[in-house]
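Please look over the sequence and the model shown here before reading the notes on it.

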Amino acid sequence: MNAATSVEWAPALVVLGAGLIAGFVLVWRVLSSSRRAAKAGVTALEARDLAGKREVLLRQLRELEDTASKRTPEQLARERYALELETAKTLLALEEKAAPEKKSAARQSASPPPAPDAARDRAGLRGFLWGVGSAAGVLLLGFFVYQSAKPREPGGSVTGNTPMASKPAGEAAGDEEAQLQAAVARTPDDVEGHLALARLYVERQNWMGVWNETARVLERAPSNPAALAYQSLVRLVMGQTDTAVTLLTKALASDPNLIDGYAYLALGYMRLGRPRDAEAAIATASKRFPERAAELGKYLTALKQNETPAAQASAASGKPDPHAGLKTPGEGAAHSQSGSTGRRVAGTIDVDASIRGKLPAGGILFVFARPAGGSEGPPIAVKRLPARFPAAFELSEADSMMGQPLPDQLLIEARLDEDGDPTTRPPTDPKARLDRVKVGRTDLRLVLKRP
């Protein structure tokens, strides 16, 4: 805390000290008066007891004279002596208790009563002193406040408080991610929480995180439009443009007001070499969102001028471009790695004799690679093939979702999507898998069977 933002504590401490002193004096006076009242009450009670005892003793002396004939002279003398002695002690104690009261009464009777004018003058003086003291206290408080006040510095807090140091942008972003993760951990079924976390991962280009969060949403709501749109963006990054367009078409059919969906769909159409369809998608979005028509038009122009893989697909949402300059995994290396001897696995996929000839037309064959021993989460590499058997396949770093190298051992899975819709996963789809596959093998053979 520097000198420019220091707080003047002296006035506040003075006021606090004055308040403490006044409070202490008030408490002391209350306690003293209560003790005096209690002491006076005890004295009065003792005096009443002694007066009652005196009356009893005097009555016993009178009764002793009346019954003197029943006692011998010696007995009468002893009893009279005892009663007179006790009576004398009681009278002496009673005189001691009444002495302070008599002295006070004597002083009051000795002093002449104040004149009415003097009493009025004394009361007026007390009122004047109280008024002067109250006014002085208010003026003193105002003086302290005036001394503490000062003009607000440029950029200073409007409340006069010492400005708090702002957190760095990276730390604030980390706090936001931690808060969202904690929220979905507390309520795993909160779809909106998972979507908010996926949206944050989109802005940070954390595609693995986007995939994981949207997968959790789709487990609970298989047709959630926002989750389908975000997952389609991941597939655009993976280079699976056909699948992304299919997902986006389905998402927009469920929610035509999903503006990001139109932006992603236009990107997918441009990737597929279908500019007219991209124009139609942007035109539909412009009619539905006329206030964003200018932005959408600029976005379409940018797509036509520079068809960058994973281009600025969130421009329509008005947010900073999270995808600018991002390349599709393996882009620029696909041709160089095709047929190379780099880190890859290869083999053939066939169907079991029991289902041969029973497969519907229009199916799609997917081949996935995951780390050995793991079957959950997104794959690290994927390839889509036509359903013609036996089918030759090869998975290399060019097929990696994030462009990362393949691990030394893999779990290879193949699935025939019989309905051709990648958003559905019927449990009856034929599947095959090989675990603990070492990178570099090219003699793999998978046979698809129904579960």
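The briefing below treats strand pairing, a buried helix position and a surface patch in turn.

This is a predicted model, in which local features need pLDDT of at least 70 and side-chain atom pairs count only at pLDDT 80 or more, while totals for chains, interfaces and linings use all residues. Residues are numbered from 1 along each chain as its sequence is written, and side-chain values use heavy atoms, with hydrogens and water left out.

**Strand E2 and its partners**

- Strand E2 (residues 364-371) is mostly covered, since seven of its eight residues are buried; buried means under 20% relative accessible area, exposed over 50% and partly exposed in between, with a 1.4 Å probe and protein chains only.
- Helices (H or I, at least four residues) and strands (E, at least two) are DSSP runs numbered from the N terminus, and two strands pair if DSSP finds at least two bridges between them.
- E2 runs antiparallel to strand E3 (residues 381-386), to which six bridges join it, and within this pairing Ile364 stands opposite Pro386 of E3.
- E2 is also joined by eight bridges to strand E5 (residues 409-417), again in an antiparallel arrangement, with Ala369 standing opposite Ile412 of E5.

**The three-stranded open sheet**

- An open sheet of three strands has the order E4-E1-E7, and its pairing is mixed.
- Its edge strands, each of which pairs on one side only, are E4 (391-396) and E7 (444-448).
- Neighbouring strands of this sheet are turned by 30 degrees against each other on average, direction ignored; the axes are lines fitted to C-alpha atoms, for helices over the stretch in contact, and angles run from 0 to 180 degrees between N-to-C directions.
- Strand E1 (residues 344-351) and E4 run antiparallel and are joined by six bridges, and Glu394 in E4 is the bridge partner of Ala346.

**A buried position in helix H7**

- Ser232, which is found in helix H7 (residues 225-238), is buried, with a relative accessible area of 0%.
- Apart from neighbours within four places in sequence, Ser232 is in contact (heavy atoms within 4.5 Å) with Ala244, Leu247, Leu248 and Tyr264.

**A nonpolar surface patch**

- Ile21, Phe24, Val25 and Trp28 form a nonpolar patch on the surface, which together offers about 470 Å² of accessible area, as given by the Shrake-Rupley method with a 1.4 Å probe, where for residues only the protein chains shown count as cover.
- Patches are made of residues with over 30% relative accessible area and no salt bridge, joining like charges within 9 Å and nonpolar side chains (Val, Leu, Ile, Met, Phe, Trp, Tyr) within 5 Å; a salt bridge is a side-chain nitrogen of Lys or Arg within 4 Å of a carboxyl oxygen of Asp or Glu.
- Val25 lies in helix H1 (residues 10-66) and is partly exposed, with a relative accessible area of 40%.
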